[in-house]
Amino acid sequence: MKNLVILGGGYGGMRVLQRLFPNQLPEDVHVTLVDKAPYHSLKTEFYALAAGTISDQHVRVSFPEHPRLSIRYGFITNIDLENNQVHLEDNEVLHYDDLIIGLGCEDKYHGVPGAPEHTYSIQTIDASRATYQALNNLPAHATVSIVGAGLSGVELASELKESRSDLNIMLFDRGKLILSSFPERLSNYVQDWFTSNGIEIVNNANITRVEQNTLYNHDEPIKSDAIVWTAGIQPNKVVRDLNVEKDTQGRVVLTKYHNLPNNENVYVLGDCASLPHAPSAQLAEGQAEQIVQVLTARWKNEELPTELPTIKLKGVLGSLGKKHGFGLVNDRAITGRVARLLKSGILWMYKYHNG
Ligand SMILES: Cc1cc2nc3c(=O)[nH]c(=O)nc-3n(C[C@H](O)[C@H](O)[C@H](O)COP(=O)(O)OP(=O)(O)OC[C@H]3O[C@@H](n4cnc5c(N)ncnc54)[C@H](O)[C@@H]3O)c2cc1C
């Protein structure tokens, strides 16, 4: 039997499993999924978990079951590409014939001193739980500073306001407008929403240092009872440690078939892969579909298509609490309740198809 090992049961890893089972997997291939968590985590909802507006159970989905799927729960420490091996924290070594690396991303602190030690995170489920506890145990009228007003910072700030209206929430962003990757109309809509909901936005911020309960913006100290970092991501450390070609963001450069340039048996998926779009769950899923297509063709010794189609993304939706939202759908900007309803609907569908 050949062993396909999938590292990470995130959005990309789950889509690979969904497409291989029940009937795309050849009889002579066994699949081993490795994840540190005993469930698939809905990372796109971690902002709500941290804010305390949804329960832990709402962001977990069981992994699928199949006679030719083994699931190994454990922490991956490194990958030995020379010897086709994956090393786990408890010294166990797994051998692979084909490998898909989908380990997601981590916070990037841009070298800001004190940021890793003194800020909370929403990048992993464990970190989001710790953030939830810290934020929800704060006394009345405490100040929370959120660094970074991309999608996750914006969603966390608005959801937290809904959860704890007594808190003073400050959102720091480098740009002159928040959500710099969105059209200006959407940034203005969200910025106005924040102003009318009592969240302070600090534009043109430059966080130079973080200490326990103090944030330094352009070296000016700002007392904060809790600080959350949502100001950047980088690929998982296991991937950062790989001695392979990477792009300027540290993501692995791949062939058009999503495998390493010198290794047809190793594929890199999702937030760890260098792709022509910003990382997202949608992109990880689209890439997963193509990896399954390539893998199944290679297993059957079929010729690969000369080009794979460009991965099409439908858009991005963000929430502003449970009633309002914003987003771009097929390049059209939408705001308000419709955007929020659409986002909830997509989550519901995702859980329905994966639950
Ligand atoms: C708050 C927030 C909101 C977001 N909203 C959206 C959105 O609306 N739309 C969208 O498309 N994207 C959104 N994203 C981005 C999206 O979540 C990621 O792009 C997506 O999760 C990437 O999928 P992935 O399969 O690459 O990795 P992940 O889904 O992160 O999965 C990685 C898996 O690897 C496992 N793992 C990691 N390290 C190890 C290790 N050392 N050992 C064992 N297992 C390990 C993890 O447990 C996890 O299961 C959001 C992200 C955040 C943080």
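**View 1. Asp271 and Asn236 meet the ligand through their side chains.** In this predicted model, an N or O atom in the Asp271 side chain sits 2.8 Å from a ligand oxygen, and one in the Asn236 side chain is 2.9 Å from a ligand nitrogen. Both count as polar contacts, meaning a pair of N or O atoms within 3.5 Å. As a predicted model, it needs pLDDT of at least 70 for local features and 80 or more for side-chain atom pairs, while totals for chains, interfaces and linings use all residues. Numbering runs from 1 along each chain as its sequence is written, and side-chain values use heavy atoms, with hydrogens and water left out.

**View 2. Ala281 joins in with its backbone.** Here a backbone N or O atom of Ala281 is 2.9 Å from a ligand oxygen. Taken alone, the ligand would expose 1,000 Å², and the protein buries 89% of that (Shrake-Rupley, 1.4 Å probe).

**View 3. The shell around the ligand.** Count 29 residues here, with Gly12, Asp35, Ile76, Asn236 and Asp271 the closest; a residue is in if one of its heavy atoms lies within 4 Å. By class, that's 10 nonpolar, 13 polar and six charged, with Gly counted as polar.

**View 4. A nonpolar patch on the surface.** Val338, Leu342 and Ile346 make up this one, with about 270 Å² of accessible area together. Patch members have over 30% relative accessible area and no salt bridge (Lys or Arg side-chain nitrogen within 4 Å of an Asp or Glu carboxyl oxygen), and nonpolar side chains are joined within 5 Å. Val338 belongs to helix α9, residues 337-354 (helices are DSSP H or I runs of at least four residues). Val338 counts as exposed because its relative accessible area is 54%, and the cut-off is over 50%.

Key. Patches are made of residues with over 30% relative accessible area and no salt bridge: like charges are joined within 9 Å, nonpolar side chains (Val, Leu, Ile, Met, Phe, Trp, Tyr) within 5 Å. Helices (H or I, at least four residues) and strands (E, at least two) are DSSP runs, numbered from the N terminus. Buried means under 20% relative accessible area, exposed over 50%, partly exposed in between (1.4 Å probe, protein chains only). A polar contact is a pair of N or O atoms within 3.5 Å; within protein, one must be able to donate a hydrogen and the other to accept it, and residues adjacent in sequence count only if both atoms are side-chain atoms.
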